[in-house]
Amino acid sequence: MKYIPTIGIECHVQLATKTKLFSEVDNDARNKEPNSCVSPVDYALPGMLPRLNGEAIKFAILAGKAMNCKINNYSRFDRKHYFYPDSPKGYQITQFYHPIIGEGYVELPSGRRIRIEHAHLEGDAGKLTHFDNYSLVDLNRVDTPLIEIVSMPDIHSAKDAHDYCKELWRLMIFAGVSYGDLYNGNMRFDVNTSIAPEGSDQLGTRTEVKNLNSFRSVERAIEYEIARQTKVLESGEKVKQETRGWNDATGKTTAQRSKEEAKDYRYMPEPDLPPVNLTDESIKKEAEKLPLMPHDYREKFGDIIASDILEILLDYPELTKKINEVEQKYVKNISNLFTSVLLAEEKSAEYLNDLPSAKQLSDLAEMNEKKELSSTGTKEVFLKMFDPQMKGRDAKTIAKELGVIQENDLGALEQIVDTVLAKPETKKAQEDFRNGEEKVIGFLVGQVMKESHGKANPSAVQQILRQKLA
Ligand code: MN
């Protein structure tokens, strides 16, 4: 029997606000001591009251718009109760009944659309590190603003799930609302997977694999779940609704606990925060700040840049934005430099933050297209643009300094060719060529290149040589 998988994904995105969701301490705890970015509000000391961070609301509007979602005029916070040492309050402040972001959709590079059910704002939990007989609690992450994006069960393959997560990540980093640092848990994915016999109008029982932090692990966990559930059904048993954990090393999911239901959390309105009322004008004003999104760039450059190159660029907002600034006729040329030269460099991450200007790049592409620079020369000049000592210099200046400008002046080239052909050591090669030995042309071109100190344009040289020898 053939089974059709149905997948829904919840994604937690940490917002890159300056301060936390409900207090005024630093929200960026990277490279900071544990428990150094914590306020009395985060510790939940008696009498401390949360105050909503307006920047988080603005980021939520941008994130929602990036996903083509409706932004709700009215939203409100609720308490979700659970007891665990990562939450001193004993509850999480979230939006259960009235989320800020309503329905929308994300379009995958393949064109397939995944609908968004809603997305809500909430505070993150602290971090526990477990040892043999004790655990350490770090509250730096408590109430870092999160948006939790809930998809509809519109995904039917592990590959589409991978693409959906990746597209969400791109939308968030292009919108500028998250650092999108997956390694540090800036985005975490919970994956609900079920399978049902082909043609069935009922969904199977689903399992949830929580806290996946890479696109690859999302894909692998789903592949594993589809195979595992198929085996369970084929052996005549039933799939249990449960939460399962993913082990990246073994490539397996294992049962963790049976799934909680909403009633277990005793949701109730958060009495310490007023509702959020947004006017249409204030939503519009924020939404207008949304920069171009990956799908806008696909539309704009789809005919100019090969799709595999474009998809690589779209992993780097800095590169994509720069491409958008250069003269259109050089877009293709510079995209190739970015993807095949810059990204291959060991220091590429550093380079991304300090790209040459659009003008420098356009000039470079122009020299390349006019054959004033060979492809090797173009690459050399391009990389030199990242040298602190060459900072801001134009392509021509750098090319001159490196001595890589190609000689294209046919008159000048002819003179050099004549000089070489007059040399006794080239006589035999000339004779061989005339006798039909094609391959000695390479030797002669090499001699001319040497004579020109590498500056001659080799294809022009070859052409002149052939004319002279004919
Ligand atoms: Mn959540």
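**Reading a predicted model with a manganese ion**

User: Are Glu122 and Glu148 buried or exposed, and what makes them count as such?
Analyst: In this predicted model, Glu122 and Glu148 are both buried. The word is used for residues under 20% relative accessible area, so each of the two falls below that cut-off.

User: What makes His12, Glu122 and Glu148 donors of the manganese ion?
Analyst: Their atoms His12 NE2, Glu122 OE and Glu148 OE lie 2.0 to 2.2 Å from the ion. A donor has to be an N, O or S atom within 2.8 Å of such a metal, so these atoms qualify. Along the sequence, the spacing of the donor residues reads H-x109-E-x25-E. Glu122 belongs to strand β6 (residues 113–123) and Glu148 to strand β9 (residues 145–151), so this pair ties together parts 26 residues apart in sequence.

User: Why is Met48 called partly exposed?
Analyst: Its relative accessibility is 38%. Partly exposed covers values between 20% and 50%, so Met48 belongs in that class. Met48 sits in the loop between α1 (40–43) and α2 (54–66). Together with Tyr43 and Leu45, Met48 forms a nonpolar surface patch with about 270 Å² of accessible area.

User: How do you know that the protein chain is more spread out than a compact globule?
Analyst: The protein chain has 17 helices and 15 strands. Its radius of gyration is 30 Å, whereas the globule rule gives 23 Å for 470 residues; the value is well over the rule, so the chain is more spread out than a compact globule. The C-alpha trace spans about 95 × 55 × 50 Å along its principal axes.

Key:
Residues are numbered from 1 along each chain as its sequence is written. This is a predicted model: local features need pLDDT of at least 70, side-chain atom pairs count only at pLDDT 80 or more; totals for chains, interfaces and linings use all residues. Side-chain values use heavy atoms; hydrogens and water are left out. Donors are N, O and S atoms within 2.8 Å of the metal (3.2 Å for Na, K and Ca); water is not among the atoms, so sites may look incomplete. Helices (H or I, at least four residues) and strands (E, at least two) are DSSP runs, numbered from the N terminus. Buried means under 20% relative accessible area, exposed over 50%, partly exposed in between (1.4 Å probe, protein chains only). Patches are made of residues with over 30% relative accessible area and no salt bridge: like charges are joined within 9 Å, nonpolar side chains (Val, Leu, Ile, Met, Phe, Trp, Tyr) within 5 Å. Accessible areas come from the Shrake-Rupley method with a 1.4 Å probe; for residues, only the protein chains shown count as cover. A salt bridge is a side-chain nitrogen of Lys or Arg within 4 Å of a carboxyl oxygen of Asp or Glu. The radius of gyration is taken over C-alpha atoms; the globule rule is 2.2 Å times the number of residues to the power 0.38.
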